[in-house]
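User: I would like to learn how to read the features of a structure like this one. Could you take me through them in turn?

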Amino acid sequence: MVWILEAAYESAGSMKIGITCYPTYGGSGAVATELGLELARNGHEVHFISYAQPFRLTQFKDGVYFHEVKPNQYPLFEYPPYSLALAVTMHEVVRREELDLLHVHYALPHATAGWIARDMLRASGQDVKLVTTLHGTDITLVGQDPSYWSIVRFSIEKSDRLTAVSSWLCDRTYQDFQCEQSAIDVIPNFVDPDVYDRDRYAGKHVLGSPDERIVMHISNFRRVKRIPDVIKIFHRVQSELPARLVLVGDGPERQAAEDLAQRLGISDRVVILGKIESVAELLASADLFLLPSEQESFGLVALEAQASGVPVIGSAHTGLAEVIEDGVTGSLHAVGDVDAMAEAGIALLTDKDRWTAASLASRAWAVENFATSRVVPKYEKLYRDVLGLSQPDDTLGSDAS
Ligand code: GMT
C-alpha cells in the first residue's frame, strides 16, 4: 500500500527520508516508527519500507508513506530472497520519491539491502546516503552467528554513518566486529513524556485491586529476556506482600513462563495479557518493572516504564546501566541474581516513601535525558551532516556525536 499525498512537499530544510525496520512487536521497530512520526511532525517527508506496516504505524499521518516489500514466491525458492526484494523496493522508492537518505534499523539484512540499493543507484548516476542504527542482537547474538558475521561486518562498514543506541552497544560493536569505534555515533532511544505519563491515566486501576502491587514485564518473550527469572523474582515478592504479576507480550518462552508459574503455585497471581500495542496505560498502573535480561543494549521498555513513574529492576553490565540510575530510579544486579532482584523489589514496594521517591526520580530522569524532543534533533543533525547540509542555528551543539 502507498499513501499518496497530493500536495507538493516543499519546506525549507526538510529532508526526504526512507526508514526500514522490522514491523513486528519489538523495540527497534517501535523506535524506528516513533522516529519517523516525529520527523514528519518536524516537517520532513518519511517513507517506511518494510514487508508489513510497522506495528506502531496505525493510522494515516501527514507526510508519512508506507511502501510494502513483496518478495515473489516461486516454487524453486525454499527461502524467498526478502533482502533482494527489499533492495529493489528501496531502489525504486529512492528513485521515484527522490529520497535523500535511507535510515535502516537493525543491521541484518537491512544494512545489506541498503548497500545494494545505494550501489544500484550509483550505477545510474544517482546517490542516496545510508545510515544504519544498530539495536542489539543484530550485533551481539544474530550478528555473531558464523552464517552472518562477515556480511554484517561488511554492511555496517559500507554504511555512510552508523549509530548505536547505547555506549555499551557501541563498545560491543567495536569488540565483536573490530569496527572503528569513533565511526559510531551513540544516540539513545527516546520516549514521549506526554504519552508515557502516570498522571494522564491517574485513578484508572486497569489491573488488579488497589491493595495489590502490580509487578510488570513486557517483552517479546525470547530466551535473552530470562522470563523464568521474572517468575522467580515475583514468586519471592508475592510471598512478602499482596502482588500481581502482569506479563505483556508473546514469544517462544511464554509456555515455559506459564508452566513455571504453575509449578510454583502462583498461577492465580500471574496474568498473561499477550501482545498489546499501546502499553502506556498499562505501565501507568504498574508499581515495579522487571527486566532481568541476559543482555540488553538499551531496554526501551525500561525507559517507557520510568517515564511512567515505574522504578525498574534490571541486569547490571548491560546497556540498562545507561538507562536506569542505579539506586535512584531502580536498581541493577548481576544477571541471574534473582534473590538480590527480589529483595530490591520488596524493599521498594514495602516502603511507601522510598517507592514515591524512586517513582518521581524515574519520571524526572526519563524526561530530562530521553524526551523525544531532546533526542530526535540528534538524528536530524546527523542526517544534515551526512548530506553536507548546513545546520539550523538553533540545533543542539555538538552532542550528536
Ligand atoms: O536486538 C533485539 O533483540 C531486537 C530489538 C528489538 O527489535 O526489540 O531489541 C533491541 O533494540 C531495542 C531498541 O533499540 C533495545 O531497546 C533492546 O534493548 C534491544 N534488545 C537487546 O539488546 C536484547
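Analyst: What follows goes from the domains to the sheets, then to the contacts and the backbone. The model is predicted, so to speak of local features requires pLDDT of at least 70 and side-chain atom pairs count only at pLDDT 80 or more, while totals for chains, interfaces and linings use all residues. Residues are numbered from 1 along each chain as its sequence is written, and side-chain values use heavy atoms, with hydrogens and water left out.

User: Which domains does the assignment give?

Analyst: Domain bounds come from an automatic or database domain assignment. Here domain 1 covers 2-190 + 371-396 and domain 2 covers 198-369. Their C-alpha centres lie 31 Å apart.

User: How is a sheet read, and what is the strand order in domain 1's numbering range, starting with β3?

Analyst: Helices (H or I, at least four residues) and strands (E, at least two) are DSSP runs, numbered from the N terminus. Two strands pair if DSSP finds at least two bridges between them. The order β3-β2-β1-β4-β5-β6-β7 describes an open sheet of 7 strands with parallel pairing. β3 (64-68) and β7 (184-186) are at the edges with a single partner strand each, so one side of each has no neighbour in the sheet. From one strand to the next the twist averages 25°; axes are lines fitted to C-alpha atoms, for helices over the stretch in contact, and angles run from 0 to 180 degrees between N-to-C directions.

User: Which residue is the bridge partner of Ile-49 in β3?

Analyst: The partner is His-67. The strands concerned, β2 (residues 45-50) and β3, are parallel and share 5 bridges. Helix α2 (residues 82-97) packs on this sheet, where α2 touches β1, β2, β3 and β4 and makes about 160° with the direction of β2. Contact here means heavy atoms within 4.5 Å. Helix α1 (residues 27-41) also lies across β1 (16-20), β2, β3 and β4 (101-105), at about 155° to β2.

User: What is the order of the strands in the sheet of 6 strands?

Analyst: That open sheet runs β10-β9-β8-β11-β12-β13, with parallel pairing. Its edge strands, β10 (270-274) and β13 (330-333), pair on one side only. The twist averages 20° from one strand to the next. Strands β11 (residues 288-291) and β12 (residues 312-315) run parallel and are joined by 3 bridges, with Leu-290 opposite Ile-313 in β12. Helix α11 (residues 338-349) packs on the sheet, touching β8 (213-218), β11, β12 and β13, and its direction is at about 165° to that of β12.

User: How is an interface between domains described?

Analyst: The size of an interface is often given as the accessible area lost when the parts come together. Buried area is that loss (1.4 Å probe), summed over both parts. Domain 1 and domain 2 bury about 1,700 Å² between them, 54% of it on carbon and sulfur atoms. In residues, 24 of domain 1 are in contact with 26 of domain 2.

User: How many salt bridges are counted between domain 1 and domain 2?

Analyst: Side chains of opposite charge can pair when their charged atoms come close. The rule asks for a side-chain nitrogen of Lys or Arg within 4 Å of a carboxyl oxygen of Asp or Glu. Between the two domains the count is 1 salt bridge. Arg-56 and Glu-304 form a salt bridge through their side chains (3.1 Å, N to O). The overall count comes to 21 salt bridges. Another pair is Asp-185 with Arg-161 (3.1 Å, N to O); Asp-185 is in strand β7 and Arg-161 in strand β6 (residues 161-164), 24 residues apart.

User: Which peptide bond is cis, and where does Glu-98 lie?

Analyst: Most residues other than glycine have a negative phi, and most peptide bonds are trans. The bond from Leu-108 to Pro-109 is cis, with omega near -5°, and Pro-109 lies in helix α3 (residues 107-123). Glu-98 lies in the loop between α2 and β4 and has a positive phi of about 55°, although Glu-98 is not a glycine.

How values were computed: Buried area = accessible area lost by both parts, 1.4 Å probe.
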